[in-house]
Every structure is written in C-alpha cells, then in structure tokens.
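Hi,

Here's the structure I said I'd pass on to you. Have a look at it first, then read on for what turned up.

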Amino acid sequence: MSQATYVRTQEVPLGELTPFPGNARRGDVRLILESLRTNGQYRSLIARQLPDGLVVLAGNHTLAALLAHGRGPCTASIPTFANPDASCALCNGVPWEPQARVEVVECDDETALRVNLVDNRAAAKGSWDLDGLVELLSYLPDLDGTGYTDADVERLLAPPPSLEELADTYAPREDYDEPAPARAAVPAGTTGDRPDQPTEQGSGLWPVLRLRIPPHVRDEFYAATASCPRSADDGARLAWLLELTRPRREDSPK
C-alpha cells in the first residue's frame, strides 16, 4: 500500500470524470445540488489519476449533483435574505459547461479503496452537539443552502417528550393502565436454569430490573414467595415480599 500523493488542482469537464466503481454510499444528491446552487462548489473532488482518465475517490455525490444541474443557464433562482434575486451560484444564470474543481492524486488500488471507504465512513461516524448546532443556525437570516428547514429547527428547539407523551405515542393504553407485564412462573424449589423465558404481555413503560443471581438464591426467592397470590408475576412476587418484610424494615434502627 502506498500513500495518496497530491499532483495538482484543476477544473475538469464532467465528461472526463468517472465515478468510483461500486461506491457504497447513497447520498442526498438533491440536497447537495441545492447547496451548490446556493453556495457554489466550496470543496474540491478528490480524483485518482489513471492512464485513461480520472476516477473520483471522494465527492461522488457532488459529481452526481453537478451532472443533475447540467448545462447553464438554469432557471433556478436562489432567493436569500440579502439578495432575493440571486442566480444559481454554479452557472450564474448564463451559459455554462458543467465542470468541477478537482484535486488530483496518485495512488495504488488499495489506497484508492481505503480513501473512498474512510471518506464515506468518517461522516457517518460523527455526532452532533445539538446546542451548538442550534446556536450556529441562529446566526443566519435564513436556512438556504444549509440542508436544514424551519421544521428541523423546531424539532431541535422542542423540549423532550414527557413519559406520558411517550406512553401515548408508543404504548397501548392497556399496557400502562394495568399491572406490570406478567412473567412465566417457576415452581418453588426448582433447580437449574429456568425452563421458560419471561413472557412480556405488553411493552409498557415500567422500570426494568435485570439481576444475575446464583440458582440457589433464585430458588430461595421462589420458595419465600410461594404464597404470593400472583405467583405468575415475578414483579408481583418481589412487591409482595417487600410488603411482607416492611414492618421489620421500618422497625430496624436507622
């Protein structure tokens, strides 16, 4: 494997550029075209020099958006707060042959593949500082060419939903109006692993406790709660046991 070596930067007609074979990323070409029409091409494509032409390693969807624009002049106007009659930043409303600014590199096949993969992967692995994002968006008089809409900003500014709202949205009414979901019962004194997996009767929004205990402790728990009226429900068994021991716990020294 060799490193990618920078050769030159040039304006290249789109017909001389080949998309990376098998590029696995699926980008939003329409969104990129909106950005190009508003902001122009602010980032170069990265293309590998081969004897028979240039293969785009990074920026394949920008290439697709430039192809989607086609020759100028286009009829798209980009009204902005500062300039409501602004023309497309690519063709400026005049005849234009589609071309792209390209940084040309030389490398071997393995490095070309690595560059393509990491360029796509790095963006997907990122995350957002949502407060910082809202602050940046607030500096602009409009959202043209940002990839965001007013609805996006409203969602960012909206407070997180309450548990009641989540319940109304995601859980059937009977799940949180009724007792906690039932669990499969295991007879008292049973040894070894439980033969049945817990059977949830509904999703609900009850807190979940996950405990890993030795088999003998589990057997003692079932033996101690064998008289529980709702023996099919582990949660009910636990609540019954706590209620049974409450006087003893309340009388204990603080």
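Before anything else, a word you'll need: a pocket here is an open set of grid points where a 1.4 Å probe fits, with protein on both sides within 12 Å along at least five of seven lines. Its volume is the space filled by probe spheres set on those points. Also keep in mind that this is a predicted model.

With that in hand, take the second largest pocket, which has a volume of about 1,100 Å³. Which elements give two or more residues to its lining? They are α1 (29-39), β3 (45-50), β4 (53-58), α2 (60-69), α3 (109-125) and α4 (130-138). The biggest giver is α1, with six residues. In total, 36 residues line the second largest pocket, and the ones nearest its centre are Ile32, Tyr42, Arg43, Thr62 and Ala123. Sorted by class, that lining has 15 nonpolar, 16 polar and five charged residues.

Now zoom out to the whole chain. The protein has 254 residues, and 27% of them count as buried. About 17,500 Å² is exposed, with carbon and sulfur atoms supplying 55% of that area. There are nine helices and five strands, and from the N terminus they come in the order β-β-α-β-β-α-β-α-α-α-α-α-α-α. If you take the contacts between residues at least 6 apart in sequence, 70% of them join residues at least 24 apart.

Next, the sheet. As a quick reminder, strands of a sheet pair through backbone hydrogen bonds, either parallel or antiparallel. What is the strand order in this one? The sheet is open, its five strands are ordered β1-β5-β3-β4-β2, and the pairing is mixed. At the edges you'll find β1 (5-13) and β2, each pairing on one side only.

Try tracing β3, since you can follow its pairing on both sides. With β5 (99-106), β3 runs parallel, and four bridges join the two; one pair to look for is leucine 45 with valine 102 in β5. With β4, β3 pairs in the antiparallel sense over five bridges. Here arginine 48 stands opposite valine 55, and glutamine 49 stands opposite leucine 54. β3 and β4 make a hairpin with two residues between them.

Then there's α2, which is mostly covered: seven of its ten residues are buried. The seven are Asn60, His61, Thr62, Leu63, Ala65, Leu66 and His69. They pack against β2 (17-18), α1, β3, β4, β5 and α3. Thr62 should ring a bell, being one of the residues nearest the centre of the second largest pocket. Just past the end of α2, glycine 70 has a positive phi of about 75 degrees.

One residue of α2 makes a good exercise: histidine 61. Why does histidine 61 count as buried? Its relative accessible area is 16%, and buried means under 20%, so histidine 61 falls on the buried side of the cut-off. And what does it touch, leaving aside neighbours within four places in sequence? Histidine 61 is in contact with Asn23, Arg25, Arg26, Gly27, Val29 and Ile32. Click through those on the model and you'll come across Ile32 again, another of the residues nearest the centre of the second largest pocket.

Have fun exploring!

Key. Residues are numbered from 1 along each chain as its sequence is written. This is a predicted model: local features need pLDDT of at least 70, side-chain atom pairs count only at pLDDT 80 or more; totals for chains, interfaces and linings use all residues. Side-chain values use heavy atoms; hydrogens and water are left out. Buried means under 20% relative accessible area, exposed over 50%, partly exposed in between (1.4 Å probe, protein chains only). Contact means heavy atoms within 4.5 Å. Accessible areas come from the Shrake-Rupley method with a 1.4 Å probe; for residues, only the protein chains shown count as cover. On a 1 Å grid over the protein atoms alone, a cavity is a set of points where a 1.4 Å probe fits but cannot get out, and a pocket is an open set with protein on both sides within 12 Å along at least five of seven lines; lining residues have an atom within 4 Å of a point. Ala, Val, Leu, Ile, Met, Phe, Trp, Tyr, Cys and Pro count as nonpolar, Asp, Glu, Lys and Arg as charged, and the others, Gly among them, as polar. Two strands pair if DSSP finds at least two bridges between them.
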